[in-house]
Amino acid sequence: MNNKYPNISNTIKVGSHTYKNRIIAAPIYCGNFAEIPFLSTVLRNSVIDKARGGVAQVTVGETPVDYDHANREPFHAIDYTQHEGIVFDFLKEMTGIIHENAAVAMIEISHCGESKIAIPGLKNPIGPMGFTREDGAVVVAMDEAMMQEVCQNFVTCAQYMKAAGFDGVVIHAGHGWLLHQFLSARTNQRADGYGGSLDARAKFPIQVIKAVRDAMGPDFVIEIRVSGDEKMEGGMGVEETAAFCKMIEHLADMIHVSVGIYRDPILSGEFSSLFHPYAVNAEASRAIKEAVSIPVAVVGGIISPDIAEELIRGGSCDIAAIARPLTADPDFVNKALTGNEDDIAKCLRCFKCFPGPLEGVIDDLSKLFGCTVNPKAFYFDEAVLGSKPESSKKVLVVGGGVAGMEAAIVAADRGHSVTLYEKSDKLGGLLKFADNDSFKAELADYKNLLIRRVGKRDITVLTNTACTPEAIAASDADVLVLALGSQPVVPPISGIENAISACDVYNQMDKVGKKVVMIGGGLVGCEVGLHLAKVGHDVTVIEMLDKVASDAYPMYRVALINEMDKRLTHKAGLKCTKIEANGIYVSNKDGAEEFLAADTVVYALGMDANSEETAKLRDAADGKQIFEIGDCASVGKVYDAARQGFVTGMSIL
């Protein structure tokens, strides 16, 4: 064991179970995924990877306790009275795998209450209050008969999960779902015995928890997930949440602390972005831990074992719960506890893996998931994954950016002899900028991780060496991987010589004046503009389209725009027509023109593939197998480069 993390590696008693360490997999991917094509593969692989990765508990995500009122999406119904069938067998297989890896198997059961989307043909949503929602859905106020029915549904669901092999359930009492709706004075203004004081508002949630405990007995683990702070105007704060946790500690085995609500996941902090601090919920969990005597877990922004170790050491929690970081690196725990923590791929909190509330946005499920730093995540082509190289090939990789490094790493791991050419003095490609960016530390860490991985392998790295067609022609390589990247598009705007590219900003900061206008409000322009604003410049970003950052991942865009609103000016629907030394002329869709003064003009109008150089090398590679990947093939995001590098490395046979 790695002595660097004595608190993580400690065991802990949770109910009647002894956890082998202090890191658990937080709920993610619904139990309903079990019989939905592709989503069942996502769930299966997630469970297997986490169980094998060393966590003490694997938690399957939110699963509704009934399909009349609790189901927030049009998922297939599960009959919890029948302990058989496709879903039951699937879940039983998953709990078996979890137990084979000495982990505790849990599943989160929930009821969305008044937040259920309107699904034609299904019953109206129910909640503590009756009202008509903004979307026209009529929410029915629950009476005591409905409450008893919900209690029984939680019990029936828990019994089903126990029969399927789960050691316990996570009862969801946070994130704006039904139990939370009763707890919060923001959503519960009942005038009967279930509204008013916290004792009254907690009455129904306690009835649910007690019903499950009475039915399941003392050896069944009951974990209660709460929003430590609702983070909404008039919402439930940490003092009331801590008081509620004190009320239920005799019924529960563990409290799991999150924050926020699902319907506003970024601004309420339910999902932390890279603009949030690490361990964002530590303060809330500390307050709750001080109020109760049972173990407390906390989730949110725990992207490294060092953060988890400090949270436990400092008394903020007993257990660290992590979700997206286990997508970034399923071996997070094993690496931390065996001295290989420098090989952990840290979660960027970029939201490639989760676009936000899924209702109404699912078109092609296969395009929904991904991970920027883990190209194997959500990649399920068994023909590629199961392939074995026929022999060791000599592989020549040209380009030391993300795509080239990933291809070199995977090829080397599969027994090939790899030489990597990089014309600059160091590896990293376009990601070198992250070393100097004010909010891209994790991206710099990822770049450095790839460099470390290259260095740990028997890969010949030739820096300060441009690969020429002559070198290709003379090489005895069997395989040529071209990953030559891209360069900024120089727009044909009058006066462009008075502006600098966004890619050059980081190396020319001494030339950037106080007042900056950024031409181009795509993701790059917005992020570089935000960096400049963060380090003290007065920034205006203009975008020709109707909105800025339209190419960002949806959840990340919300976080980015929120941060931009605090620090800079951004304007959509404006086209730059002319650049001068002291500013730019722009026109709107009606042709009205205005002048925006600037000390420095920066442009971010896309990237061009280095196609000409790529073609020259390709033409010299007579008889060699050729792969063209990354930006030189098709300009994309970091995720695209990493995935293409991974698949290329796997495809060299």
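Author: Buried means under 20% relative accessible area, exposed means over 50%, and partly exposed lies in between. The model discussed here is predicted.

Reader: Is D306 buried, exposed or partly exposed?
Author: The cut-offs are 20% and 50%. D306 has a relative accessibility of 38%. That value falls between the two limits, so D306 is partly exposed.

Reader: Which side chain does D306 meet in a salt bridge?
Author: The closest approach is 3.5 Å, N to O. D306 sits in helix α10, residues 305-313, and its partner lies in the segment before α1. The two are 302 residues apart, so the pair links distant parts of the chain. The partner is partly exposed at 43%, and the residue is K4.

Reader: How many residues apart are D214 and K210 in helix α7?
Author: Their side chains meet in a salt bridge at 2.7 Å, N to O. Both residues belong to helix α7, which covers residues 203-216. About one helical turn separates them, and the spacing is 4 residues.

Reader: Is D214 buried, exposed or partly exposed?
Author: Its partner K210 is partly exposed at 41%. D214 has 51% relative accessibility. The limit for this class is over 50%, so D214 counts as exposed.

Reader: Which residue forms a salt bridge with D435?
Author: The closest N and O atoms are 2.8 Å apart. D435 lies in the loop between β15 and α15, and the partner is in helix α15, so the pair ties together parts that are 12 residues apart in sequence. D435 is partly exposed at 42%. The partner is K447.

Reader: Is K447 buried or exposed?
Author: K447 has a relative accessible area of 5%. The cut-off is under 20%, so K447 is buried.

Reader: How many salt bridges does the count come to?
Author: The pairs D306 with K4 and D214 with K210 are among them. D329, K335, D343 and R453 are linked in a network. The count comes to 31.

Reader: Which helix gives the most to the largest nonpolar core?
Author: That core has 198 residues. I171, F204, I224, I255 and Y556 have the most contacts inside it. The helix in question spans residues 144-163 and gives 9 residues, and it is helix α4.

Reader: How many residues are in the second, separate core?
Author: This core stands apart from the largest one. Its members include I493, V517, I519 and C576. The core has 15 residues.

Methods: Residues are numbered from 1 along each chain as its sequence is written. This is a predicted model: local features need pLDDT of at least 70, side-chain atom pairs count only at pLDDT 80 or more; totals for chains, interfaces and linings use all residues. Side-chain values use heavy atoms; hydrogens and water are left out. A salt bridge is a side-chain nitrogen of Lys or Arg within 4 Å of a carboxyl oxygen of Asp or Glu. Buried means under 20% relative accessible area, exposed over 50%, partly exposed in between (1.4 Å probe, protein chains only). A nonpolar core is a set of buried Ala, Val, Leu, Ile, Met, Phe, Trp, Tyr and Cys residues joined through side-chain atoms within 4.5 Å.
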